Amino acid sequence: MAKLIIYEETHHAETVFEAFELSETRILIGADHDNQLILQAPDIDATHASLELREHHWFLQDLGGPGGTSVNGRLIQGPCLLHHDDLIELGPIKMRFHNLERGVTREVLLGEVAEITEDLPEAVEVVVSGRVWFATLAGFTTIIILGLVALLLIAYFLGLLTLADFIPFGG
């Protein structure tokens, strides 16, 4: 079973605080008591991040905590696939992701990806967070609505429609 090892680094040693087993398919992480993993520390938001199990792989996503969420020293923007022994940092809290159950390590996965993609051209990876996706969808919806209103106004001024055409029981 996958788990998070929560620890603190000191000068020459690591002090393990807790080994948290990932027993549910979605785990909320933060300072709020409704979360499955509660972290009481500065810069930890009420709901800071989430872990989700999707098709036998664990994904970590930042939910807007003030200090951000990083994996192996890189801030994440959207869902991030976790590999065995990844270092997760939420503000001052450090955790190691352990998942030896499937026997898949980062090196094995990278080898499989290299075999699959060696003949493909290089692609640019684009990560879109849920908030950006929603804002984009809302923007397109607004543009469509404004376009329809503009068409109706043009039809009205050209005399193709009257206001009575929009009244269901009159006219």
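How many salt bridges does the structure hold? Keep that question in mind while you get oriented; the tour comes to it at the third stop. One thing to know before you start clicking is that this is a predicted model.

**Getting your bearings**

Begin with the whole protein chain, coloured by secondary structure. You should find two helices and eleven strands. Following the chain from the N terminus, the elements read β-β-β-β-β-β-β-β-β-β-β-α-α. The chain has 171 residues, and buried residues make up 27% of them. If you switch on a surface, its accessible area comes to about 12,000 Å², with 60% of that belonging to carbon and sulfur atoms. For a feel of how the chain meets itself, take the contacts with a separation of 6 or more: 33% of these are between residues 24 or more positions apart.

**First stop: the five-stranded sheet**

Select strands 3, 4, 5, 6 and 9. Together they form an open sheet in the order 4-3-5-6-9, with mixed pairing. Strand 4 (37-38) and strand 9 are at the edges with a single partner strand each, so one side of each has no neighbour in the sheet. As a reminder while you look, strands of a sheet pair through backbone hydrogen bonds, either parallel or antiparallel.

Now step across the sheet pair by pair. Show residues 26-30, which are strand 3: four bridges join this strand to strand 5, and the two run antiparallel. To see one of the pairings, select I27, whose bridge partner in strand 5 is L51.

Next, add residues 49-54, which are strand 5, and look toward strand 6. Six bridges connect these two antiparallel strands. Here S50 is opposite Q61 of strand 6. Where the chain turns between strands 5 and 6, there is a hairpin with two residues between the strands, and E55 takes a positive phi near 50 degrees.

Finally, move on to residues 80-81. This is strand 9, which pairs with strand 6 in the antiparallel sense over two bridges. F59 makes a good handle for this pairing, with L81 as its bridge partner in strand 9.

**Second stop: is strand 6 enclosed or open?**

Colour residues 57-62 by accessibility. Is strand 6 largely enclosed by the rest of the structure or open? Five of its six residues are buried, so the rest of the structure largely encloses strand 6.

**Third stop: the charged trio**

Here is the reply to the opening question: the structure holds two salt bridges. Show the side chains of R26, E52 and R54. E52 forms a salt bridge with R26, and their closest N and O atoms are 3.2 Å apart. Because E52 is in strand 5 and R26 is in strand 3, this pair ties together parts that are 26 residues apart in sequence. E52 also meets R54 in a salt bridge, at 3.6 Å from N to O. Through shared partners, the salt bridges join R26, E52 and R54 into one network. Both arginines are partly exposed: R26 has a relative accessibility of 39%, and R54 has a relative accessible area of 33%.

**Fourth stop: T69 and H48**

Select T69, in strand 7 (residues 69-71). T69 is buried, with a relative accessible area of 0%. Its side chain makes a polar contact of 2.7 Å with the side chain of D62. Beyond its close sequence neighbours, T69 is in contact with residues including H48, L60, R74, I76 and E89.

From there, hop to H48, in the loop between strand 4 and strand 5. H48 is also buried, at 0% relative accessibility. Look for a polar atom of the H48 side chain 3.2 Å from the backbone nitrogen of D45. Away from its sequence neighbours, H48 touches residues including I29, D43, D62, P66 and T69.

**Last stop: a nonpolar patch**

Return to the surface view and select I145, V149, L152, L153, Y156, F157, L163 and F166. They make a nonpolar surface patch of about 830 Å². To finish, centre on F157, in helix 2 (residues 130-157). F157 is exposed, with a relative accessible area of 68%.

Methods. Residues numbered from 1 in each chain as written. Predicted model: local features only at pLDDT ≥ 70, side-chain atom pairs only at ≥ 80, totals over all residues. Heavy atoms only, no water. Buried < 20%, exposed > 50% of the residue type's maximum accessible area, 1.4 Å probe, protein only. Pairing = 2+ DSSP bridges. Contact = heavy atoms within 4.5 Å. Areas by Shrake-Rupley, 256 points an atom, 1.4 Å probe, with all protein chains shown as cover. Patch = residues over 30% accessible without salt bridge, like charges linked within 9 Å, V, L, I, M, F, W, Y side chains within 5 Å. Salt bridge = Lys/Arg side-chain N within 4 Å of Asp/Glu carboxyl O. Polar contact = N/O pair within 3.5 Å; in protein donor to acceptor, adjacent residues only side chain to side chain. Lists of a residue's contacts leave out its neighbours within four places in sequence.
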